[in-house]
Amino acid sequence: MKFFRNLLIFTGVVSIGIGLLSFYTGDALLHSLIWYILGFMVVVTALAFYVSRLGVGYDPDNFQLYYFGSMGFRMILSIAVIFVYVFLYSEKELQFVLNFFVLYFLFTGFEIYSLITNFAPQLKKQNQE
């Protein structure tokens, strides 16, 4: 539950940043679908963490397998979203892709930080036994 609380706080901070950027720059930096991209990132991050957490609970020795599997799933979903947007809509593709990847890297960094802080003590404890 601590992860989801931190995800909510992180999403709030990112939302405030997006709101401020939108207020001061308008459409110059942010794509009109930025809020949908943010929602997608929140859902995918929560899902990836849930899969990693479930994997560690089920088989702690294969943490890397579950983590990299969830990261691969996230990347494939992200590439699919970009592919669909670029081929179905022809307006501001570069702005969409740049906004998408900024949020992708922010949420990936958040997920890595959360996984390290949540699972490192558990994994270290298991290796010492």
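Okay, let's start with one residue: Lys 92 is partly exposed, at 45% relative accessibility. On that scale buried means under 20% relative accessible area, exposed over 50%, and partly exposed in between, using a 1.4 Å probe and protein chains only. Before going on, the fine print: this is a predicted model, where local features need pLDDT of at least 70 and side-chain atom pairs count only at pLDDT 80 or more, while totals for chains, interfaces and linings use all residues. Residues are numbered from 1 along each chain as its sequence is written, and side-chain values use heavy atoms, with hydrogens and water left out.

Back to Lys 92. It sits in the loop between α3 and α4, the latter being residues 93-128. Its phi is near 55°, so a positive value in a non-glycine residue. For background, most residues other than glycine have a negative phi. There's also a positive phi at Gly 26, right after α1, near 65°.

In the loop with Lys 92 we also find Glu 91. Buried or exposed? Glu 91 is exposed, with a relative accessible area of 54%. Skipping neighbours within four places in sequence, Glu 91 is in contact with His 31 and Tyr 85, where contact means heavy atoms within 4.5 Å. Phe 23 is 68 residues from Glu 91 along the chain, and their C-alpha atoms are 21 Å apart.

Now the overall picture. The protein chain has four helices and zero strands, running α-α-α-α from the N terminus. Those are DSSP runs, numbered from the N terminus: helices are H or I with at least four residues, strands are E with at least two. The C-alpha trace spans about 55 × 30 × 15 Å along its principal axes. Of the 129 residues, 33% count as buried. If you take contacts with a separation of 6 or more, 73% of them join residues 24 or more positions apart.

Helix by helix, then. For α1, the 24 residues should span 34 Å at 1.5 Å a residue, and the end C-alpha atoms are indeed 34 Å apart. That expected span is 1.5 Å times one less than the number of residues. The buried residues of α1 are Phe 3, Leu 7, Thr 11, Val 14 and Ile 18. Helix α3, residues 63-88, reaches 38 Å from first C-alpha to last, close to the 38 Å expected for its 26 residues. Its buried residues include Phe 63, Met 71, Arg 74 and Ser 78.

Which residues touch the most other members of the largest nonpolar core? Ile 18, Met 41, Phe 100 and Leu 103, out of 26 residues in that core. Each of α1, α2 (34-58), α3 and α4 supplies at least two of its residues, and α2 gives the largest share, nine. By nonpolar core I mean a set of buried Ala, Val, Leu, Ile, Met, Phe, Trp, Tyr and Cys residues joined through side-chain atoms within 4.5 Å.

Last stop, Met 41 and Ser 78. Leaving out neighbours within four places in sequence, Met 41 is in contact with Ser 78, Phe 100, Leu 103, Tyr 104 and Phe 107. Ser 78, in helix α3, is buried, with a relative accessible area of 2%. With that same four-place exclusion, Ser 78 is in contact with Phe 40, Met 41, Phe 100 and Tyr 104.
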